[in-house]
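Subject: Structure handover

Hello,

Here is the structure I said I would pass on. My notes on what was found in it follow below.

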Amino acid sequence: MKRRDFLKALFISTSLLVIGRLSLYEYNNYQHVQNALTPFGSWYVVQIADSPEISVNNYVLTVDGEVENPIRLTYQDLLKMPSVEVKDTIQCVSDPYFLRANVVWTGVPLKYIIDMVKPSPNVIKIVGYGAEGYTADLPISKAMEPNVVIAYMVDGKPLPQVHGYPVRLAVPGWWGYTYVKWLVRLYFTSKNILGYWESRGYPDYAKK
């Protein structure tokens with residue numbers, strides 16, 4: 001091979017290597033951005049009504065329906081219960097690529113509450129009610145998973161008001177319409193009750 005051809009081939013090979021490394025860097029940087037926690041101001045907001053103003057001083061979560069031990073829990077009650085941290089990506093079903101947020105929830109496993117109230121063997125769903133009138137239904141089998149939480153903190157801070165303060169439901173692995181904000185009631189039922197979006201044709205089994 002002539003020296004000129006050798007140098008030309010070396011230049012092309014080196015250029016491809018640099019481009020390859022740049023692409024890998026860009027990909028890793030993209031992955032970092034995708035996996036990094038999303039600042040509160042960049043979260044997407046979807047709701048059916050204005051955000052309700054709720055004080056932790058008079059907050060009550062009612063847990064009732066077809067259960068042996070219905071209960072009413074204050075915000076302080078929830079803080080005293082066993083808690084977990086769950087890393088999650090909450091996504092809107094209408095545009096999961098852009099309408100998404102990477103978060104770390106802190107809260108009480110829903111399973112812990114289920115065990116407390118002792119639902120009837122016939123129960124098939126838990127319906128969550130938000131203070132603004134929103135509802136979403138959750139199969140009892142999904143509700144029993146350990147990473148489904150009644151969240152009162154996100155990324156180490158209290159929930160932002162517009163994102164459900166003081167308490168919301170977090171259902172990792174399912175679409176965002178199941179994450180009831182401003183959660184004030186959990187109703188256990190043996191009937192096939194549909195939530196707000198489920199009754200409008202959204203999948204009842206909302207796995208992403």
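I start with cavities: the count comes to one cavity of 30 Å³ or more. Please keep in mind throughout that this is a predicted model. The largest cavity has a volume of about 50 Å³. Its lining is made up of Leu110, Ile126, Val127, Gly128, Ala136, Asp137, Leu138, Leu169, Thr178, Val180 and Leu186. Two elements, β5 and β6, give two or more residues to that lining.

Overall layout

The protein chain has four helices and 10 strands. Read from the N terminus, the elements follow the order α-β-β-α-β-β-α-β-β-α-β-β-β-β. Of the 208 residues in the protein chain, 40% are buried. If you take the contacts between residues at least 6 apart in sequence, 70% of them join residues at least 24 apart.

The sheet

An open sheet is formed by five strands in the order β2-β1-β10-β5-β6, with mixed pairing. The edges are taken by β2 (71-74) and β6 (135-139); each has a single partner strand, so one side of each is left without a neighbour in the sheet. From one strand to the next, the twist averages 20°. Helix α3 (residues 110-117) packs on the sheet and touches β1 (60-65), β2, β5, β6 and β10 (183-189). The direction of α3 makes about 140° with that of β2.

As background, strands of a sheet pair through backbone hydrogen bonds, in either a parallel or an antiparallel way. Going through the sheet pair by pair, in sheet order:

- β2 and β1 run antiparallel and are joined by four bridges. Val60 stands opposite Thr74 in β2. The two strands, β1 and β2, form a hairpin with five residues between them.
- β1 and β10 run parallel, also with four bridges. Here Val63 stands opposite Leu186 in β10.
- β10 and β5 run antiparallel, joined by six bridges. The bridge partner of Gly128 in β10 is Leu186. Leu186 therefore has a place opposite Val63 as well as opposite Gly128.
- β5 (residues 125-130) and β6 run antiparallel, with five bridges between them. Lys125 stands opposite Pro139 in β6.

Both Gly128 and Leu186 are also among the residues that line the largest cavity.

The edge strand β2 shows an alternation of side chains: Ile71 and Leu73 point to one face and are buried, while Arg72 and Thr74 point to the other and are not. This is the pattern of a regular strand, where side chains alternate between the two faces of the sheet.

The nonpolar core

Which residues touch the most other members of the largest nonpolar core? They are Leu78, Trp105, Leu110, Ile113, Ile150, Leu183 and Phe188, out of 51 residues in that core. Strand β7 (residues 149-154) supplies the largest share of this core, five residues. In soluble globular proteins, nonpolar side chains tend to be buried together. Leu110 appears again in the lining of the largest cavity.

Points in the loops

Some loop residues deserve a look when you open the model.

Pro39 is found in the loop between α1 (3-35) and β1. Pro39 is exposed, with a relative accessible area of 52%, because the cut-off for exposed is over 50%. Its C-alpha atom is separated by 8.9 Å from that of Val103, although the two residues are 64 residues apart along the chain.

Most residues other than glycine have a negative phi, and most peptide bonds are trans. The next three places depart from that.

- Lys118, in the loop between α3 and β5, has a positive phi near 55°. Lys118 is partly exposed, with a relative accessible area of 42%.
- Asp155, in the loop between β7 and β8, likewise has a positive phi near 55°. What does its relative accessibility make Asp155 count as? At 22%, Asp155 counts as partly exposed, since buried means under 20%.
- The peptide bond from Tyr165 to Pro166 is cis, with omega near 10°. Pro166 has its place in the loop between β8 (157-158) and β9 (168-170).

Regards

How values were computed
Residues numbered from 1 in each chain as written. Predicted model: local features only at pLDDT ≥ 70, side-chain atom pairs only at ≥ 80, totals over all residues. Heavy atoms only, no water. Axes fitted to C-alpha atoms, helices over the stretch in contact; angles between N-to-C directions. Contact = heavy atoms within 4.5 Å. Core = buried A, V, L, I, M, F, W, Y, C linked by side-chain atoms within 4.5 Å. Buried < 20%, exposed > 50% of the residue type's maximum accessible area, 1.4 Å probe, protein only. 1 Å grid on protein atoms, 1.4 Å probe; cavity = no way out; pocket = protein on both sides within 12 Å on 5 of 7 lines; lining within 4 Å. Points joined across faces, edges and corners; volume = space filled by probe spheres on them.
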